[in-house]
Amino acid sequence: MVTSETVELKKKFFEGIDFVQRVNNFSLRPTGPEKALLPLFEAIANSIHSIEESEKKDGLISISIDRRQKEAELFAKQGRSDLDKIHREPIQGFSIIDNGIGFDNIRFNAFVEADTGYKVKNGGKGIGRYSWLKAFKEISVESVFEEAGTLKVRNFEFRHTPQAIHNLKTKKTTSVKTGTTIRLLDYKPIFS
């Protein structure tokens, strides 16, 4: 059985492709709400797959909509609870939190492989994460996973740059459960 601790973490990401051009070539046009939300749907599908792989019976996904102004600030400005005004504030991004298996070495290596076939069995094509960078300026990932009986946390930023992965850090954590937080940040105005 191949486990995460027997798989070495890749040193080069999206090797053999021009990553910026690959994202540019990804077809995502803001022709309606269903297209504009495709990156969010892709992140949710990834969370579902992560929970399925963890075989947890208590799988949980939490989705937050991040607006330009926080709810509390809007309430304070208005002096009342006017939800209609809050819902008209532009969406800045989304946070998707799951309690799945996490970005261990196996899953991280699949993430940084161009057009990976890792999730073909789930109907995936290995390209959904490109939609994130078509609609958002940056993606922030924090993931807790198990390796050799120890929980570790892996943090990185995913950007539309030649390097793609920035500020990658992996260390032991005091967290007591696995899971991942994906933050889709800075919704591009053409999509929001």
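Pro-189 counts as exposed in this predicted model, because its relative accessibility of 65% is over the 50% cut-off. The residue turns up in the segment after strand S6, which itself covers 179-187. Along the chain, Pro-189 and Pro-90 are 99 residues apart, yet their C-alpha atoms sit 9.1 Å from each other.

That pairing across the sequence leads on to the contacts of the chain as a whole. Taking contacts between residues at least 6 apart in sequence, 70% link residues that are at least 24 apart. As for the elements themselves, the protein has 7 helices and 6 strands. Read from the N terminus, they come in the order α-α-α-β-α-α-β-α-α-β-β-β-β, so the run ends on four strands in a row. Of the 192 residues, 41% count as buried. The surface that the protein exposes comes to about 10,800 Å², with carbon and sulfur atoms supplying 52% of that area.

Back in strand territory, His-166 belongs to S5, which takes in residues 165-172. Here the picture is one of burial: His-166 has a relative accessible area of 16% and therefore falls under the 20% limit for a buried residue. Its side chain is not without a polar partner, though, as a polar contact of 2.7 Å connects it to the side chain of Thr-161. Thr-161 also shows up in the wider set of contacts made by His-166, once neighbours within four places in sequence are set aside. The other members of that set are Phe-156, Glu-157 and Arg-159.

Among the helices, H3 spans residues 38-54, 17 residues in total. From its first C-alpha to its last, H3 reaches 24 Å, close to the 24 Å expected at 1.5 Å a residue. A good part of the helix is tucked away from solvent probe access: Pro-39, Leu-40, Ala-43 and Ile-44 are buried, and so are Ser-47, His-49, Ser-50 and Ile-51. Right after H3 comes Glu-55, with a positive phi near 60 degrees.

H3 also has a link to another helix. Glu-53, which falls within the 38-54 range of H3, has its side chain joined to that of Arg-107 by a polar contact of 2.7 Å. Arg-107 itself lies in helix H6, made up of residues 105-111. With a relative accessible area of 17%, Arg-107 is under the 20% cut-off and so counts as buried.

Definitions and conventions. Residues numbered from 1 in each chain as written. Predicted model: local features only at pLDDT ≥ 70, side-chain atom pairs only at ≥ 80, totals over all residues. Heavy atoms only, no water. Helix = DSSP H or I, 4+ residues; strand = E, 2+ residues; numbered from the N terminus. Buried < 20%, exposed > 50% of the residue type's maximum accessible area, 1.4 Å probe, protein only. Polar contact = N/O pair within 3.5 Å; in protein donor to acceptor, adjacent residues only side chain to side chain. Contact = heavy atoms within 4.5 Å. Expected span 1.5 Å × (residues − 1). Areas by Shrake-Rupley, 256 points an atom, 1.4 Å probe, with all protein chains shown as cover.
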